[in-house]
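Here are some exercises to work through with the model open beside you. Try each task before reading its solution.

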Amino acid sequence: MIKKVCCIGAGYVGGPTMSVFADKCKDISFNVVDVNPDRIAAWNSKDLSKLPIFEPGLDEIVKRRRGKNLTFSTEVHKCISEADMIFISVNTPTKTSGIGAGQASDLKWVESCARQISEYAKGHTIVVEKSTLPVRTGEVIKAILESSQSSLNSKNKNTFDILSNPEFLAEGTAINDLENPDRVLIGGSNENAINALHDLYKKWVNEDKIIHTNLWSSELAKLTANAFLAQRVSSINSISALCEVTGADVREVSRAIGKDSRIGSKFLNVGPGFGGSCFKKDILNLVYLANHFGLPQVADFWESVVHLNSWNQNRLTNIILEKLFGTLTEKKIGILGFSFKANTNDTRESPAVQICKNLLNEGAYLKIHDPKVSKEQIDLDLGTPPIEDLKKNEVLVKKYKYKKWENSLLENDFFENLDAVIVLTEWEIYSKIEWEKVSKKMRSPGWVFDSRLIVDEERVKSSGLSFWRVGVGTVRRN
Ligand code: UDX
Ligand code: UDX
């Protein structure tokens with residue numbers, strides 16, 4: 001019987017996942033630990049609007065369970081030693097140097113977790129991989145855990161089982177995804193360990209949705225799910241470019257193909273390109289694995305999904321440049337949305353980061369608005385030119401010119417003197433902008449670029465602004 005659960009990593013995955021577990025399994029204690037004291041302090045803050053992660057519904061759950069069967073602390077070793085089950089939920093960024101740089105995941109933190117578990121765990125412990133990991137990482141964890149025990153005599157030996165239980169939550173809908181999952185995947189070889197985790201989930205998930213597989217299938221299924229989803233986004237974005245030049249409308253194409261039940265209607269929204277911490281990293285991981293196992297054709301196939309995504313982000317910059325008479329020097333551009341999608345404050349791999357850098361590099365001055373992303377985060381994302389750019393172009397050292405708009409968008413003069421406004425994230429408020437009013441504040445000829453298809457076309461056009469939107473072509477006669 002599981003009584004105490006520890007989760008290492010209080011991030012976007014660990015925090016919300018353990019909160020929902022605590023809410024559904026009130027007789028078990030869930031202790032989330034993290035090496036970052038600031039993050040833990042934020043999880044413990046009295047003011048629930050200060051939680052480190054913005055996720056609709058999360059604050060209510062934390063309010064209900066924190067201090068009861070949900071704790072956040074930096075006491076990593078203590079919590080490990082007390083736990084029957086430990087979730088590893090630390091980040092696994094793409095390696096930046098060495099073999100596999102730019103593709104393979106850096107597993108240094110996962111390895112460090114395994115070492116700490118091997119040192120501090122007591123008795124029998126079930127170790128659950130929650131982080132997305134390359135296939136066969138379970139083997140590495142197992143080797144580390146077992147090697148530490150080999151020198152002990154059999155009485156003092158601790159034992160471990162390893163499970164893979166990948167997370168399929170999407171940011172912005174994490175709580176709903178956790179409470180009503182399409183499926184729960186548990187990979188492993190030991191029946192008892194699998195059943196122990198199964199028993200936790202079955203408190204709120206219908207058992208026919210809990211799938212058992214071997215460890216490797218579970219690890220690979222997670223990478224594959226993200227790769228397929230990202231591929232859909234690249235697919236529809238590639239078609240949107242074709243729509244623009246042929247006079248087709250990507251919304252009509254999406255609707256038409258989505259009615260085919262084999263294709264399905266979800267995940268067919270065009271945009272500036274996929275972002276978020278997972279898609280690119282997981283595909284590159286798949287690319288690395290395929291190459292590693294001598295399958296370069298498979299690697300090339302998946303890598304093209306990432307290439308198309310980068311191309312799509314740069315395509316938007318080129319269109320803006322072309323429409324604004326080929327130069328952005330000293331032009332004032334309003335950026336609406338900086339997070340990688342709506343309802344999250346996460347900016348990791350957000351297309352806005354690359355697009356803003358491109359525009360700044362062209363000499364534009366940016367006013368950036370986002371309802372949830374902080375000024376500090378934008379400074380982190382845009383403040384320092386990337387190292388590789390510096391090598392190529394020393395000019396980039398000059399201070400980037402941008403400003404985070406801290407006031408309310410609608411009541412204040414965000415639009416004052418803007419030459420163009422670009423919608424990059426589909427926050428609902430951007431679909432309600434009163435273009436008739438704000439157009440009067442903009443410089444003429446003012447442009448609106450809608451990369452998410454959420455702007456009201458009629459309102460923009462009737463206000464005299466020029467309008468470009470993704471995926472909708474004007475019919476050509478030749
Ligand atoms: C997760 C998954 O774990 C990752 O595999 C997936 O691909 C993306 O999502 P996420 O929760 O989003 O990661 O990462 P992040 O928000 O960066 O949180 C990870 C936390 O782990 C950080 O707070 C970090 O301080 C903590 N950490 C890291 C530790 O506590 N110990 C370590 O050794 C390393
Ligand atoms: C994703 C997976 O959906 C989730 O199952 C996994 O556990 C983690 O990675 P997330 O990155 O939070 O979740 O967001 P998701 O909703 O999948 O969107 C990813 C990116 O694709 C966003 O930038 C989003 O704007 C973009 N997207 C998504 C589109 O451009 N069009 C779509 O139709 C859907």
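**Exercise 1.** In which loop is the place of Pro445?

Solution. Pro445 sits in the loop between α16 (435–438) and β13 (447–450). Helices (H or I, at least four residues) and strands (E, at least two) are DSSP runs here, numbered from the N terminus. Now check the peptide bond: Ser444 and Pro445 are joined in cis, with omega about -5 degrees. Next, go to the loop between β9 (332–336) and α13 (351–361), where you'll find Glu349. Phi of Glu349 is positive, near 60 degrees, and this residue is not a glycine. Both spots are worth a look because most residues other than glycine have a negative phi, and most peptide bonds are trans.

A word on ground rules: this is a predicted model, so local features need pLDDT of at least 70 and side-chain atom pairs count only at pLDDT 80 or more, while totals for chains, interfaces and linings use all residues. Residues are numbered from 1 along each chain as its sequence is written, chains are lettered from A and ligands numbered from 1 in the order in which they are written, and side-chain values use heavy atoms, with hydrogens and water left out.

**Exercise 2.** Work out how the span of helix α9 agrees with its 32 residues, then look at what lies at its ends.

Solution. Start with the rule: the expected span is 1.5 Å times one less than the number of residues. For α9 (residues 215–246) that gives 46 Å, and the end C-alpha atoms are 47 Å apart, which agrees. At the start of α9, a side-chain oxygen of Asn214 comes within 3.0 Å of the backbone nitrogen of Trp216. After α9 comes Gly247, with a positive phi near 90 degrees.

**Exercise 3.** Describe the surroundings of ligand 2 and say where it lies relative to the two domains.

Solution. First, the neighbours: 19 residues are around ligand 2, and Phe168, Glu171, Asn269, Gly275 and Lys341 come nearest. A residue counts as near if one of its heavy atoms lies within 4 Å. By class, the shell has 11 nonpolar, three polar and five charged residues. Helix α9 gives the most to this shell, with four residues.

Second, the polar contacts (pairs of N or O atoms within 3.5 Å). A backbone N or O atom of Glu171 is 2.6 Å from an oxygen of ligand 2, and one of Leu169 is 3.0 Å from a ligand oxygen. Taken alone, ligand 2 exposes 660 Å², and the protein buries 91% of that (Shrake-Rupley areas with a 1.4 Å probe).

Third, the placement: domain 1 (4–213) and domain 2 (215–478) both give residues to the shell, so ligand 2 lies between them. The domain bounds come from an automatic or database assignment.

**Exercise 4.** Repeat the job for ligand 1: which residues are the closest?

Solution. Of the 21 residues surrounding ligand 1, the closest are Val13, Asp34, Arg39, Thr132 and Lys281. An N or O atom in the Arg39 side chain is 2.7 Å from an oxygen of ligand 1, and a polar backbone atom of Val13 is 2.9 Å from a ligand oxygen. Alone, ligand 1 exposes 690 Å², of which the protein buries 91%. Ligand 1 also lies between domain 1 (4–213) and domain 2 (215–478), because both give residues to its shell.

Definitions and conventions:
Polar contact = N/O pair within 3.5 Å; in protein donor to acceptor, adjacent residues only side chain to side chain. Nonpolar A, V, L, I, M, F, W, Y, C, P; charged D, E, K, R; others polar.
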